[in-house]
Amino acid sequence: MQMIAVFDFLSHEFMHHPFNEGYVRMLRHAFPDAEVVFHAQDGHVKRLKPNLADVEGITFRSCSPFTVPFGLSRHNPLGGYLAARRCLGEMVRAVGDRSLTMTAVLGVDANLLSALRRTWPRTSSAPLHMILHNHLAAAARWRTRNPLYRPFDFLSALAMPMAPRHRLIALELGIKEATVELVPTLAPNVETLEHPILTSEWVTEREPVPGERLKIGFLGHASNSKGFDRFMEIARKSGPDKEFHAIGLGSPEALAMDLRVLARPPAASSVPRTEYVEALTGIDAVCLPLSQGYDYVASGSVIDAIVGLKPLFCLRNRSVEGIFKKYGSIGYLADTIEDLEAFVLKASMETVLQQRPMWVANLAKIRAARSPEALAPAYAASVQALMR
């Protein structure tokens with residue numbers, strides 16, 4: 001039996017469970033005759049494995065996380081190189097002499113990307129998919145000025161040639177195009193996989209009641225880099241016809257704010273996924289003042305708005321713009337923070353209810369199109385095309 005080897009060296013125990021589960025489920029539908037062997041650190045495996053108990057053909061194995069030795073920064077070229085080489089060694093040992101359908105690495109930083117680009121073609125000729133999570137967005141926002149480190153950072157690694165069967169996988173519409181604008185030579189090596197959405201998390205639509213307060217939520221990690229400070233400004237200026245909720249973990253900067261205006265403040269510790277989804281069910285819309293950094297990363301909070309069929313009030317960026325262009329409007333897309341603030345302050349339950357049927361219909365269309373089962377045929381075709 002052929003094997004699909006999947007590695008996640010960068011996710012800690014509580015990270016990326018919905019994506020990893022959705023991706024593995026998609027692989028099983030895309031390649032039913034191949035065994036999927038999933039490798040991640042022990043705590044991650046223990047939390048993910050029960051969620052996939054209903055799926056046959058998956059083997060779980062623990063591996064060491066990406067750890068830079070000697071207490072060095074992951075940006076240190078020597079420390080990053082040594083950490084990446086250790087991960088690469090684990091991959092080589094795990095694959096052995098098995099026949100591979102493909103290999104997937106669920107998240108790559110500059111060090112892993114460089115090591116894989118140089119060495120993996122000698123290990124396997126099968127397609128290699130490298131998932132783009134947040135590292136490109138972080139690199140686009142800030143680059144070190146250190147002349148010794150800069151040639152080894154993520155953008156420098158992206159500029160190096162890749163093997164023909166190696167692909168970077170963007171998890172949202174618009175990100176591929178933004179990435180190629182940033183590094184034009186990447187054009188043949190970037191593909192889009194719309195972020196899988198688990199059918200088990202589909203939230204039953206909650207019908208808002210006319211006359212009730214409009215419940216608006218901020219989803220996910222409450223940090224200023226994600227626009228939580230802007231969300232708080234809007235909440236403070238809003239009248240009694242609205243109620244604001246922060247659903248997710250609060251950053252230290254968020255927890256230090258005066259949060260009394262919120263009906264639900266951000267949590268001081270990780271929120272269990274079941275509690276998170278339950279809280280999502282109780283709101284009417286999602287407000288995300290996301291920055292332009294989301295040109296290069298799929299927002300888990302946007303995905304959660306789709307999961308819950310919640311209209312989205314958001315600042316324009318390439319990824320959200322791509323969703324609106326393909327599927328139609330799913331809320332209000334603002335050009336500036338002032339525009340977003342003005343819309344939310346003016347919005348009411350009555351005005352939202354007028355457009356809600358269209359918004360929810362488009363959200364439901366996205367949700368169905370991104371189930372692992374729906375994504376599998378196109379994903380299988382893209383992998384098989386690389387083998388020709």
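This is a short talk on the sheets, aromatic pairs and salt bridges of one predicted model.

Some conventions before the results. Because the model is predicted, local features need pLDDT of at least 70 and side-chain atom pairs count only at pLDDT 80 or more, while totals for chains, interfaces and linings use all residues. Residues are numbered from 1 along each chain as its sequence is written, and side-chain values use heavy atoms, with hydrogens and water left out.

I start with the sheets. Helices and strands here are DSSP runs numbered from the N terminus, with helices being H or I of at least four residues and strands being E of at least two. Two strands count as paired if DSSP finds at least two bridges between them. As background, strands of a sheet pair through backbone hydrogen bonds, either parallel or antiparallel.

One open sheet has 7 strands, in the order β3-β2-β1-β4-β5-β6-β7, and the pairing is parallel. Its edge strands are β3, residues 58-62, and β7, residues 190-192, each of which pairs on one side only. From one strand to the next the twist averages 25 degrees. For angles, axes are lines fitted to C-alpha atoms, for helices over the stretch in contact, and the values run from 0 to 180 degrees between N-to-C directions. At the β7 edge, strand β6, residues 166-170, runs parallel to β7 and is joined to it by 3 bridges. Within that region A170 stands opposite T192 in β7.

Helix α1 lies across several strands of this sheet: β1 (3-8), β2 (35-40), β3, β4 (100-105) and β5 (128-131). Contact means heavy atoms within 4.5 Å. Against β2, helix α1 runs at about 160 degrees.

There is also an open sheet of 5 strands, ordered β9-β8-β10-β11-β12, again with parallel pairing. Here the edges are β9, residues 242-247, and β12, and each pairs on one side only. Neighbouring strands of this sheet are turned against each other by 20 degrees on average, direction ignored. Strand β8, residues 214-219, pairs with β9 in the parallel sense over 6 bridges. L219 has I247 as its bridge partner in β9.

Next, the aromatic rings. A pair of aromatic rings is described by the distance of the centres and the angle of the planes. The rule takes rings of Phe, Tyr and Trp (its six-membered ring) with centres within 6.5 Å; planes under 30 degrees apart are stacked, over 60 edge-to-face, and the rest tilted. Searching the whole structure gives 11 aromatic pairs. One of them is F7 with F9, stacked at 5.8 Å centre to centre and 10 degrees between the planes. How accessible is F7? F7 is buried at 1% relative accessible area, and F9 is buried at 2%. The cut-offs are under 20% for buried, over 50% for exposed, and partly exposed in between, with a 1.4 Å probe and protein chains only.

F19 and Y23 make another stacked pair, 5.6 Å centre to centre with 25 degrees between the planes. These two residues are 4 apart in helix α1 (residues 17-30), so about one helical turn separates them. F19 is buried at 2% relative accessibility, and Y23 is buried at 0%. Elsewhere, F218, F228, F231 and F244 form one aromatic cluster.

Last, the salt bridges. The rule asks for a side-chain nitrogen of Lys or Arg within 4 Å of a carboxyl oxygen of Asp or Glu. By that rule there are 23 salt bridges.

Back in helix α1, R25 bridges to E21, with the closest N and O atoms 3.0 Å apart. R25 and E21 are 4 residues apart in the helix, so they too are about one helical turn from each other. Both R25 and E21 are buried.

D258 and R260 form a salt bridge with closest N and O atoms 2.7 Å apart. D258 is partly exposed at 40% relative accessible area, whereas R260 is exposed at 74%.

R316 and D335 form a salt bridge with closest N and O atoms 2.6 Å apart. Which parts does this pair tie together? R316 lies in the loop between β11 (312-315) and α12 (318-327), and D335 in the loop between β12 (331-334) and α13 (337-346), so the pair ties together parts that are 19 residues apart in sequence. R316 is partly exposed at 28% relative accessibility, and D335 is exposed at 54%. Finally, E172, E194, K326 and R370 are joined into one network by salt bridges that share partners.
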